[in-house]
Amino acid sequence: MLEWRISEDPIAYEDAIAWMEHRVDAIIDGSAKECIWLLEHPPLYTAGTSARPEDLLDGRFPVYKTKRGGQYTYHGPGQRVVYVMLDLNKRGRDVRAYVRQLESWVIAVLATFQIRGELRDARVGVWVARPDKPPTADGRPPEDKIAAIGVRVRRWVAFHGFSINVEPDLGHFDGIVPCGIAEHGVTSLVDLGLPITLSDVDVALRQQFTRIFVAP
């Protein structure tokens, strides 16, 4: 069985991490179900295990060091944060396969809104081609990131997860080099011209989850 949680009000980062750590411990000892938590955070930056100090350009918001993989990421209102706490003991002890499932889940959600999300070998997250923008300095077609992914695994229970930009203030990303990638930008569903709400995304997340993840 799987529990879905949706928080209407922004959740402080420290509180979310503490709750998630507690839930992971409970999943490990068998006293709690797997859980997917949909929420927003107040504006903040997180520094993953690969974060480089020079990629913090303007510490205008609180910065939190986190044990998830990845580099600097922004979280804030208008962004759907999806914390995924799944027991890989029951779902296959393969972290790479699990990350691919998360990527496929995000891409399937975007497809429900007629957005083509794409992956890049050298870049983490999900990207959207932007033929409406000028080429990059080296002449390549521009691409914007629409979803960030970062996971952690403890005793084969996965947690942290991903975020999808629905309608955040994209200017807030200017304080960091998102995920260490300076040559490409960041976008959102609303920035792409779609009047999508967090609730719309939540419905798609639940619908597409069962297409990607088989019940253990």
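**D25, a hairpin and two nonpolar cores**

Good morning. D25 is partly exposed, because its relative accessible area is 39%, and the partly exposed class runs between 20% and 50%. I should say at once that the structure before you is a predicted model. D25 belongs to helix 1, and I shall begin with that helix.

Helix 1 covers residues 13-28, which makes 16 residues. At 1.5 Å a residue the expected span is 22 Å, and the C-alpha atoms at the two ends are indeed 22 Å apart, so the two values agree. Which residues of helix 1 are buried? They are Y13, A16, I17, M20, R23, V24, A26 and I27. As general background, an α-helix has 3.6 residues a turn, so residues three or four places apart point the same way. You may wish to hold that in mind while looking at the buried positions. Just after the helix, G30 adopts a positive phi of about 85°.

To what does the side chain of D25 connect? It is joined to the side chain of R154 by a polar contact of 2.7 Å. D25 also lies 9.4 Å from R155, C-alpha to C-alpha, although 130 residues separate the two in sequence.

That brings us to R155 and its hairpin. R155 sits in the loop that links strand 9 to strand 10. The hairpin of these strands has two residues between them, and within it R155 takes a positive phi near 50°. R155 is not a glycine, yet its phi is positive. Is R155 buried or exposed? Its relative accessibility is 63%, so R155 counts as exposed.

A second residue invites the same question. Q114, also not a glycine, has a positive phi of about 65°. Q114 is placed in the loop between helix 3 and strand 7, the latter being residues 118-120. Q114 is exposed, because its relative accessible area is 70% and the exposed class begins over 50%.

Let us return to the strands of the hairpin. Strand 9 and strand 10 are antiparallel, with eight bridges between them, and one bridge pairs G150 with G161 in strand 10. Strand 10 also pairs with strand 6, again in the antiparallel sense, over seven bridges. Here D87 faces V157 of strand 10. How many of the residues of strand 10 are buried? Nine of the nine are, so the strand is largely enclosed by the rest of the structure.

At the start of strand 9, which covers residues 143-154, we find E143. E143 is buried, because its relative accessible area of 11% falls under the 20% limit. What does its side chain meet? The side chain of E143 makes a polar contact of 2.6 Å with that of R120, and another of 2.8 Å with that of R123. Setting aside residues up to four places away in sequence, E143 touches R120, R123, W127, V128, A129, R130, H184 and G185.

I turn next to the nonpolar interior. In soluble globular proteins, nonpolar side chains tend to be buried together. In this model the largest nonpolar core has 33 residues, and those touching the most other members are V84, Y98, L102, W105, F162, V201 and L205. The elements giving two or more residues to this core include strand 2 (34-39), strand 6 (79-87), strand 10 (157-165) and helix 4 (198-212). Which element gives the largest share? Helix 3 does, with six residues. As for W105, beyond its neighbours within four places in sequence it is in contact with W4, I36, V82, V84, F162, L205, Q208, F209, I212 and F213. Apart from this core lies another, of 17 residues, which includes A16, I17, I27 and M85. Of these, A16, I17 and I27 were named earlier among the buried residues of helix 1.

Finally, there is an open sheet of three strands, ordered 4-3-5, with mixed pairing. Strand 4 (63-65) and strand 5 (72-75) stand at the edges; each has a single partner strand, so one side of each is left without a neighbour in the sheet. From one strand to the next the twist averages 25°. Strand 3, residues 44-47, runs antiparallel to strand 5, and four bridges join them. Within this pairing, Y45 has Y74 of strand 5 as its bridge partner.

To close where I began, the helix 1 residue D25 contacts R154 through its side chain. Thank you; I welcome your questions.

Conventions:
Residues numbered from 1 in each chain as written. Predicted model: local features only at pLDDT ≥ 70, side-chain atom pairs only at ≥ 80, totals over all residues. Heavy atoms only, no water. Buried < 20%, exposed > 50% of the residue type's maximum accessible area, 1.4 Å probe, protein only. Polar contact = N/O pair within 3.5 Å; in protein donor to acceptor, adjacent residues only side chain to side chain. Contact = heavy atoms within 4.5 Å. Pairing = 2+ DSSP bridges. Axes fitted to C-alpha atoms, helices over the stretch in contact; angles between N-to-C directions. Core = buried A, V, L, I, M, F, W, Y, C linked by side-chain atoms within 4.5 Å. Expected span 1.5 Å × (residues − 1).
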